[in-house]
Amino acid sequence: MAEMRLMKIYNGNFVVEYKDDNTPLTQADKNANEVITIHLAASGISVISEESKEIPYPIRKKWNACWIVDPLDGTKEFVKRNGEFTVNIALVEGGKPQLGVIYVPVEKLLYFGLVEKGKSFKVFVDPENPDPHTIINSAKEIRPSKTSKNKIRVVGSRSHMNEETLGFVEGLKKNFDSIEIVSIGSSLKFCLVAEGNADIYPRFAPTYEWDTAAGQAICEAVGLRVISVESNQYPCLQQRKFIESGFSSHKRIK
C-alpha cells in the first residue's frame with residue numbers, strides 16, 4: 001500500500017532532492033506515486049500525477065475524465081516530520097472535480113467528498129481492517145460552520161504565507177471584529193474549512209491542479225465556493241497548463 005511505503009520512509013532516514021522549481025522531492029513521493037497510479041490505471045481512466053511524466057495537452061484535451069493525483073502533498077511538512085502531509089486523489093469529469101479523497105497517513109484520517117451527492121465525510125482508518133465497506137459505513141458526514149459577523153477563522157499555509165495573503169487578512173478587519181489565523185500544511189487547509197474548523201482559505205500564489213482538485217471536490221460537496229481570485233469563477237481543471245492562479249475557498253462572505 002502507498003501508506004506503508006510513505007510511513008516506512010517517514011519513520012526512517014531519507015534523502016531530500018530538489019526539482020527544477022526548487023520544491024523538495026523524496027523517495028516517498030516516488031514510491032507512493034508508483035502504487036497509486038498502478039491501482040488507478042486499472043479503472044481504465046487516465047491518470048495525471050505530479051510525479052509522473054507530463055502528458056501533452058493535445059492528448060489530454062480529448063479526455064472527458066481523468067484522475068488527478070498528488071501522491072505526497074506537503075513534502076516540506078514530510079521533511080519536517082510534523083505529520084501535516086497528505087495523499088490527494090480527485091476524479092475530474094468535464095473539467096470539474098466529482099470525487100475528492102484526501103488521506104492523512106500519520107493520523108490514519110481519511111476525508112472524501114462526492115460532489116453529485118452534495119456530501120463529504122471523514123473517517124479514521126484502521127490499518128488492520130482497511131476494508132472499503134467498513135470505511136464507508138464508519139464515515140461521519142462533515143459540514144462547514146455557520147457564518148459569524150463577530151469572528152472569522154482564516155487558514156494560513158504553514159510554509160507559503162506571503163504579503164498578498166497577509167494583506168487579504170488585513171482587509172477582513174473591516175467586516176469582522178476578530179480574526180483568527182489557523183496554520184496548517186498541505187491540502188488539510190481545505191478540510192478544515194469543509195468540516196467547520198475554519199471559515200476561509202485564501203491562496204494568492206500560483207498552485208497546481210494536483211494540489212487543489214481533491215480539496216476543491218470536498219469543499220464543493222458541502223456547498224462551499226472554491227473560486228479563482230482572477231476570474232471570481234470556479235476553477236476549470238484539465239487545462240492546457242497545469243498551473244493555476246491563486247484561489248479562495250470559503251462560504252459566501254458579505
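Trainee: In this predicted model, is Y201 buried or exposed, and how should its accessibility value be read?

Mentor: A residue is called buried when its relative accessible area is under 20%. Y201 has a relative accessibility of 5%, so Y201 counts as buried.

Trainee: Which ring does Y201 pair with, and how is such a pair described?

Mentor: A pair of aromatic rings is described by the distance of the centres and the angle of the planes. Here the partner of Y201 is F190, with 5.2 Å from centre to centre and 85 degrees between the planes, an arrangement that is edge-to-face. F190 belongs to helix α7 (residues 188–194) and Y201 to strand β12 (residues 200–203), so the contact ties together parts that are 11 residues apart in sequence. F190, at 1% relative accessibility, also counts as buried.

Trainee: How many aromatic pairs does a search of the whole structure find?

Mentor: The search of the whole structure finds eight aromatic pairs. One of them joins Y10 and F85, whose ring centres are 5.0 Å apart and whose planes meet at 50 degrees, so this pair is tilted; the reasoning is that an angle from 30 to 60 degrees is neither stacked nor edge-to-face.

Trainee: Where do Y10 and F85 lie, and how far apart in sequence are the parts that they tie together?

Mentor: Y10 is in helix α1 (residues 2–10), whereas F85 is in the loop between α4 (75–80) and β5, so the pair ties together parts that are 75 residues apart in sequence. Y10 is buried, with a relative accessible area of 7%, and F85, at 0% relative accessibility, counts as buried as well. Ring pairs also link Y10 and F85 with F14 and F78 into a cluster.

Trainee: Turning to strand β5, how many of its residues are buried?

Mentor: In a regular strand the side chains alternate between the two faces of the sheet. In the case of β5 (residues 86–93), the strand is mostly covered, since seven of its eight residues are buried.

Trainee: Which strands pair with β5, and in what sense do they run?

Mentor: Strand β4 (residues 65–73) pairs with β5 in the antiparallel sense over seven bridges, and the bridge partner of D73 is T86 in β5. Strand β6 (residues 96–104) is likewise antiparallel to β5 and is joined to β5 by seven bridges, with P97 in β6 as the bridge partner of V92.

Trainee: What do β5 and β6 form together, and which residue in the turn has a positive phi?

Mentor: The two strands form a hairpin with two residues between them, and in the turn G94 has a positive phi of about 60 degrees.

Terms used. Residues numbered from 1 in each chain as written. Predicted model: local features only at pLDDT ≥ 70, side-chain atom pairs only at ≥ 80, totals over all residues. Heavy atoms only, no water. Buried < 20%, exposed > 50% of the residue type's maximum accessible area, 1.4 Å probe, protein only. Helix = DSSP H or I, 4+ residues; strand = E, 2+ residues; numbered from the N terminus. Pairing = 2+ DSSP bridges. Phe/Tyr/Trp six-rings, centres within 6.5 Å; stacked < 30°, edge-to-face > 60°.
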